[in-house]
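Let's take a walk through some backbone oddities and ring contacts. Have the viewer open as you read.

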Amino acid sequence: MAEIGVVLVTVRWSDAYLAKLKQQLQPAEIIHAQDAAEIMSALARADVAILSGDLDDRFADAPRLRWIHCDHAGLNKSARPWVLEHGLFVTSSSGRSAPALAEHAFLFMLLFAYRYPMFLEAQRQHRWGFEGQNQLRGLIGKTIGVVGLGNTGREIATRARAMGMRVLGYRRSAEAVPNVDRLYASARGESLDDLLRESDFVVLATPLSDATHHLIGARELALMKSSGVLVNMARGAVVDEAALIDAMRAGRIAGAGLDTFEQEPLAPDSPIWDLPNVLITPHTTPQVPDRTGRSFEMISENIRRYRAGERMLNLLTPDDVYTQGVRRQ
C-alpha cells in the first residue's frame with residue numbers, strides 16, 4: 001500500500017474543491033505553490049504532485065516524487081522517455097470534457113453537411129439561399145470514421161449512432177467498442193486504409209504519440225473520398241499540415257474542420273487561414289457543466305487506486321511516449 005505524505009498542488013480550483021481535495025488526501029501535507037521558487041522547494045519533499053499543466057524537467061530530479069497528475073486531457077507534452085525511466089506514474093483528466101468535444105466534432109460535420117457558411121453569406125446579402133441547396137443531404141446514412149476510441153471517440157460514436165450514421169472505428173486494441181459497426185485495430189495488423197476510403201467524415205480523436213505523429217499525411221489524404229471531410233479534435237501534429245494544405249488546394253478532399261494545429265496559436269500568416277472549405281476554431285470547446293467536479297472525481301478515484309496499488313485511470317504508458325515534442329536537454 002502506497003503512502004501519500006507530501007503533495008504539491010498547483011491547480012487553481014475554488015476553495016470548496018480545494019477543501020474536498022485536501023480531505024481526500026488526508027493525512028498528507030498539502031503544499032499549494034504557483035511560482036517557480038515555491039514549486040522547486042516543494043519538489044524537494046513531495047511524493048505526489050497535482051498540476052494545472054504539464055510536468056517539465058524540474059520534476060526529473062525530485063527525489064521522492066512518485067505520482068504526477070496533470071489536470072487536462074492530452075499528456076503528449078509530459079510523455080517524455082525519462083518519465084517512464086524514472087518509474088513515475090503520470091495520469092491526466094482525460095475524459096472530463098469528452099461530451100463537449102464530441103459535440104464540437106458534430107458542429108463541424110453539420111456545418112459541412114448543411115454548407116452553413118453559404119447560408120450565412122446568403123443571409124448577410126439578404127438572398128434566399130444559394131444555388132444547389134436542394135442537393136444537400138444530412139448526416140443520416142453517412143459513414144463516419146472515428147480514429148481513436150478513448151473517451152472522446154466513444155462519445156462521438158454514441159452520437160453518430162443516434163443520428164443514424166454508419167460508424168467505423170480505429171484503435172490500437174482489438175477489444176470491441178459499443179456503437180461501432182466495424183472496428184479496425186492495429187493490434188490485428190489492420191491499417192486505417194479501408195476506414196479512410198469508406199468514410200464521408202474522418203474524425204481524429206486519438207492521443208498524440210510517436211505512433212500517431214503525422215498519422216494523416218499525403219498518402220492517407222489521397223485515400224479519402226474527394227467528397228470527404230477531415231475533422232481534427234485530437235492534436236495538431238496528428239496531421240501533416242503541409243500535406244493537408246496541398247490536398248485542400250488541389251481539391252482532393254472536400255473540407256476540413258480544425259480545432260488543433262501543429263503550432264498554436266496559428267500564425268497570422270499561415271496559409272491554413274485562407275484555404276478553401278476549411279473551418280477553424282482556436283483549440284476552444286465550451287466547457288461541460290462542473291468540469292472541475294469531473295476532474296475531482298477522477299483524481300479522487302486515482303488517490304484510492306494509488307494507495308491500494310491498483311492500476312490508475314488515464315495512466316501514461318510506453319505507447320504514449322512522444323519524442324517529437326519537447327525533449328529533456
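Is asparagine 179 buried, partly exposed or exposed? Keep in mind that this is a predicted model. Asparagine 179 turns out to be partly exposed, because its relative accessible area is 25%, and buried would require under 20%.

## Positive phi in two loops

Most residues other than glycine have a negative phi. Asparagine 179 goes the other way, with phi near 70°. You'll find asparagine 179 in the loop between strand E7 (166-171) and strand E8 (182-185).

Histidine 214 also has a positive phi, about 55°, although it is not a glycine. Look for histidine 214 in the loop between strand E9 (201-204) and helix H8 (218-223). With a relative accessibility of 29%, histidine 214 counts as partly exposed.

## Cis bonds ahead of prolines

Most peptide bonds are trans, but here are a couple that aren't. Glutamine 26 and proline 27 are joined by a cis bond with omega at about 5°. Proline 27 sits in the loop that runs between helix H1 (15-25) and strand E2 (29-32).

Further along, the bond from glutamate 264 to proline 265 is cis too, and its omega is near -5°. For proline 265, check the loop between strand E11 (255-258) and strand E12 (278-280).

## Rings meeting rings

How many aromatic pairs does the structure hold? There are five. One of them brings together tyrosine 17 and phenylalanine 296, a tilted pair at 5.9 Å centre to centre with 50° between the planes. The two come from distant parts of the chain, 279 residues apart: tyrosine 17 belongs to helix H1 and phenylalanine 296 to helix H10 (residues 291-308). Both tyrosine 17 and phenylalanine 296 are buried. Add Trp13 to Tyr17 and Phe296, and you have one aromatic cluster.

Then there's phenylalanine 89 with tyrosine 306. Their ring centres are 6.4 Å apart and their planes meet at 85°, so this pair is edge-to-face. It's another link between distant parts of the chain, with phenylalanine 89 in strand E5 (residues 89-92), tyrosine 306 in helix H10, and the two positions 217 residues apart. The partners differ in burial: phenylalanine 89 is partly exposed at 27% relative accessible area, whereas tyrosine 306 is buried at 7%.

## A charge over a ring

One last contact to zoom in on: arginine 182 lies over the face of tyrosine 184, 4.2 Å from the ring centre.

Technical notes: Residues numbered from 1 in each chain as written. Predicted model: local features only at pLDDT ≥ 70, side-chain atom pairs only at ≥ 80, totals over all residues. Heavy atoms only, no water. Helix = DSSP H or I, 4+ residues; strand = E, 2+ residues; numbered from the N terminus. Buried < 20%, exposed > 50% of the residue type's maximum accessible area, 1.4 Å probe, protein only. Phe/Tyr/Trp six-rings, centres within 6.5 Å; stacked < 30°, edge-to-face > 60°. Lys NZ or Arg CZ within 6 Å of the ring centre and 35° of its normal.
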